[in-house]
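Reader: I should like to go through the structure shown below and ask what each descriptive term rests on. Please set every value against its definition.

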Amino acid sequence: MPALYALYIINKSGGLIYNKEFLPMAGLNLNDTLRLASIWHSLHAIASQLSPVPGCSGIELLIADAFDLHCFQTLTGTKFLLVVEPGTPEVEDFLKST
C-alpha cells in the first residue's frame, strides 16, 4: 500500500497553517517546516510567472528519488501539499476531490 508521508497546508501569503507528518521523514523541526512552506510558496509563484504555458498556476508535482510532492492550489490561494511514496496513484484526484 502506498505511503503518505506528510501533509502541509499553506495560506495565500505563504504561511504554514497546518502540518502533519505521518511517517518520520528528515526530522524537520518547526523552524525548518516553516522555512519549507515559505520556500515552496515562493517557488510556486515564480514558476507560474516564468512558465511558457499560458494560464500555468505553478508547480503541481515534484518528483524525487525518495518521494513525490503534489501541490493543489484552491481558488482562494490556499495550497495543499502532499508528500507521498514515489509512484503513488491518483493523488491529484484525491486532492481535487477533498
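Author: Two strands are said to pair if DSSP finds at least two bridges between them. Helices (H or I, at least four residues) and strands (E, at least two) are DSSP runs, numbered from the N terminus. The model is a predicted one, in which local features need pLDDT of at least 70 and side-chain atom pairs pLDDT 80 or more, whereas totals for chains, interfaces and linings use all residues. Residues are numbered from 1 along each chain as its sequence is written, and side-chain values use heavy atoms, without hydrogens and water.

Reader: Which elements does the chain hold, and in what order do they run?

Author: The chain has two helices and five strands. From the N terminus on, they follow the order β-β-α-β-β-β-α.

Reader: What makes S1 and S5 a pair?

Author: Strand S1 (residues 4-10) shares six bridges with S5 in the antiparallel sense, so the pairing rule is met. One of the positions is Ala6, whose bridge partner in S5 is Val83.

Reader: How do you know that S4 also pairs with S5?

Author: Strand S4 (residues 68-73) is joined to S5 by six bridges, and the two run antiparallel; the rule is therefore satisfied here as well. Phe72 stands opposite Phe80 of S5. The hairpin of S4 and S5 has five residues between the strands, and Gly77 takes a positive phi near 95 degrees in it.

Reader: What supports the pairing of S3 with S4?

Author: Three antiparallel bridges join S3 to S4, so this pair also qualifies. Ile63 has Asp68 of S4 as its bridge partner, and a hairpin of four residues links S3 to S4.

Reader: Why is strand S5 called mostly covered?

Author: A residue is buried under 20% relative accessible area, exposed over 50% and partly exposed in between (1.4 Å probe, protein chains only). In S5 (residues 79-84), five of the six residues are buried. For the chain of 98 residues, the buried share is 30%.

Reader: Why is Ile17 called exposed?

Author: Ile17 has a relative accessible area of 53%, so it lies above the limit for exposed residues. Ile17 sits in strand S2 (residues 16-21). Contact requires heavy atoms within 4.5 Å; leaving aside neighbours within four places in sequence, Ile17 is in contact with Ile9, Ile10 and Asn11. Its C-alpha atom is 9.4 Å from that of Ala37, 20 residues apart along the chain.

Reader: What makes Ser57 partly exposed?

Author: The relative accessible area of Ser57 is 36%, which means that Ser57 falls in the class between buried and exposed. Ser57 belongs to the loop between helix H1 (30-50) and strand S3 (61-63). Not counting residues up to four places away in sequence, Ser57 touches His44, Ser48 and Gln73. The C-alpha atoms of Ser57 and Ala47, 10 residues apart along the chain, are separated by 8.0 Å.

Reader: How do you know that the chain agrees with a compact globule?

Author: The radius of gyration is taken over C-alpha atoms, and the globule rule is 2.2 Å times the number of residues to the power 0.38. For 98 residues the rule gives a radius near 13 Å, and the chain has 13 Å, so the two agree. Along the principal axes, the C-alpha atoms fill a box of roughly 35 × 30 × 25 Å. Among contacts between residues at least 6 apart in sequence, 38% join residues at least 24 apart.
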